[in-house]
Amino acid sequence: MSLRNRLGSTRGAFATRLAAVRGRDEVDVATWERLEEALILADVGVVPSEALLALVRERAAVEGASGGDGVVGILKEEIVGRLDGADRTLSVAGAPSVWLFVGVNGVGKTTTIGKVGRRQVAQGRRVVFAAGDTYRAAAVDQLALWAERAGATVIRGAEGADPSSVVFDAVEHAAAMGADLVLADTAGRVHTRRNLMDELAKVRRVAGKGAGTVTETLLVLDATTGQNGLVQARQFGEAADVTGLILTKMDGSARGGIVLAVEHELGIPVKFVGVGEGLDDLVPFEPGEFVDALFE
Ligand SMILES: Nc1nc2c(ncn2[C@@H]2O[C@H](COP(=O)(O)OP(=O)(O)OP(=O)(O)O)[C@@H](O)[C@H]2O)c(=O)[nH]1
Ligand SMILES: [Mg+2]
């Protein structure tokens, strides 16, 4: 299925509003208002939307774009321009490399580890999942199920064990078996709880103590929470040295503009988007493709 179809309501809401602007021969106050409304409802954020449209207006004047179509074309170029050039690769630099998955409750961390693991195994890497969510026994079982589907090995600790010790053990196991990659699950946490954020910092520190190198800390955000995701991203960014974002549930969100908002505000690249609950429902974030899907 194409990204366009998979984005579901994200593209629906935005594209429908743009369609009303596109057909117009003349660009007037109402046109700009509609565009701003479309951007804000897509969760681009008020300030970035205004900044973006100010640029589009300027360019439209200079380039003599008069119709709605021309203006939408410029808007599209400006959005792609903002997203282009970021490094969206996942870095590997260790034996093994460790990728930590962090975020608030229920955003899709464990599911995303399954999906990312599957992609890495398909690329020929040996992958270990570390069951660093030790708060609930069910969390470990859920990760083990995903490991089976993805073709990865899962390393678990006792229920209630220190998450950092579980991740450390997983790294040692991975090193001993010659695995390339450790994907570490963590318990969902509230970004405002200091001790939980400290625990995350400890996991990160301990994960890099032995043979492993932490090369990515991936913040998982639920796209359906819109601008609230931005608040989470800001706080996690400060506490956990986030290197990349993964936006889940884009299949059920009318707010794909959050991609622009988070990148613009935090300067952290979106690396993947989740577009469903299945093993293959994860796509690398490609600005051109994404914006095409959003606009068409
Ligand atoms: N539609 C859709 N659902 C998703 C996606 N990613 C995850 N989910 C669903 O979101 C729910 C929560 O996913 P989990 O992976 O358990 O989330 P988590 O962040 O590990 O949750 P905690 O461990 O409780 O903090 C599950 O029902 C998933 O199937 C996605 O991209 N699209
Ligand atoms: Mg989980």
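Contact here means heavy atoms within 4.5 Å. I worked from a predicted model throughout.

**Entry: α3 against α5**

I began with helix α3, residues 29-41, and helix α5, residues 68-83. Which residues of α3 meet α5? I found Trp32, Leu35 and Leu39 on the α3 side. Their partners in α5 are Val71, Val72, Leu75 and Ile79. I sorted this contact by class and got 7 nonpolar residues, no polar and no charged ones. The two helices pack at about 35 degrees, and their axes lie 12 Å apart. I noted the crossing of α3 and α5 as right-handed.

**Entry: α5 against α12**

Next I followed α5 to helix α12, residues 287-295. The packing angle of this pair is about 150 degrees, with 9 Å between the axes. Angles over 145 degrees count as roughly antiparallel, and α5 and α12 are therefore described that way. I noted a right-handed crossing for this pair too.

I then listed the contact residues. α5 brings Val72, Leu75, Lys76, Ile79, Val80 and Leu83. α12 brings Pro287, Phe290, Val291, Asp292 and Phe295. By class I have 9 nonpolar, no polar and 2 charged residues. Val72, Leu75 and Ile79 of α5 appear in this list, and they also appear in the contact with α3.

**Entry: domains**

I looked up how the chain is divided. Domain 1 covers 3-83 and domain 2 covers 97-242. I have 37 Å between their centres, taken over C-alpha atoms.

**Entry: the sheet**

How many strands does the open sheet have? I traced 8, in the order β3-β2-β4-β1-β5-β6-β7-β8, with mixed pairing. The edges are β3 (153-155) and β8 (282-284), each paired on one side only. Ignoring direction, neighbouring strands are turned by 25 degrees against each other on average.

I checked one pair in detail. β5, residues 213-222, runs parallel to β6, residues 244-248, and 5 bridges join them. Leu221 has Leu247 in β6 as its bridge partner.

**Entry: helices on the sheet**

I turned to helix α7, residues 137-150. It lies across β2 (127-132), β3 and β4 (181-186), and runs at about 170 degrees to β2. Helix α8, residues 163-176, packs on the sheet as well. I saw α8 touching β1 (97-102), β2, β3 and β4. The direction of α8 makes about 165 degrees with that of β2.

**Entry: α6 against α7**

I then took helix α6, residues 109-122, with α7. Their axes are 9 Å apart, and the packing angle is about 20 degrees. Angles under 35 degrees count as roughly parallel, so α6 and α7 get that description. Their crossing is right-handed.

From α6 I listed Thr110, Thr111, Ile113, Gly114, Gly117, Arg118 and Val121. From α7 I listed Gln142, Leu143, Trp146, Arg149 and Ala150. The class tally for this contact is 5 nonpolar, 5 polar and 2 charged.

**Entry: backbone checks**

Which peptide bond is cis? I found the one from Ala95 to Pro96, with omega near 0 degrees. Pro96 sits in the loop between α5 and β1.

I also flagged Asp43. Its phi is near 75 degrees, a positive value in a residue other than glycine. Asp43 is in the loop between α3 and α4 (46-63). I flagged both because most residues other than glycine have a negative phi, and most peptide bonds are trans.

Methods: Residues are numbered from 1 along each chain as its sequence is written. Chains are lettered from A and ligands numbered from 1 in the order in which they are written. This is a predicted model: local features need pLDDT of at least 70, side-chain atom pairs count only at pLDDT 80 or more; totals for chains, interfaces and linings use all residues. Side-chain values use heavy atoms; hydrogens and water are left out. Axes are lines fitted to C-alpha atoms, for helices over the stretch in contact, and angles run from 0 to 180 degrees between N-to-C directions. Helices (H or I, at least four residues) and strands (E, at least two) are DSSP runs, numbered from the N terminus. A crossing is left-handed if the near helix is turned anticlockwise from the far one by less than a right angle, and right-handed if clockwise. Ala, Val, Leu, Ile, Met, Phe, Trp, Tyr, Cys and Pro count as nonpolar, Asp, Glu, Lys and Arg as charged, and the others, Gly among them, as polar. Domain bounds come from an automatic or database domain assignment. Angles under 35 degrees count as roughly parallel, over 145 as roughly antiparallel, 65 to 115 as roughly perpendicular and the rest as oblique. Two strands pair if DSSP finds at least two bridges between them.
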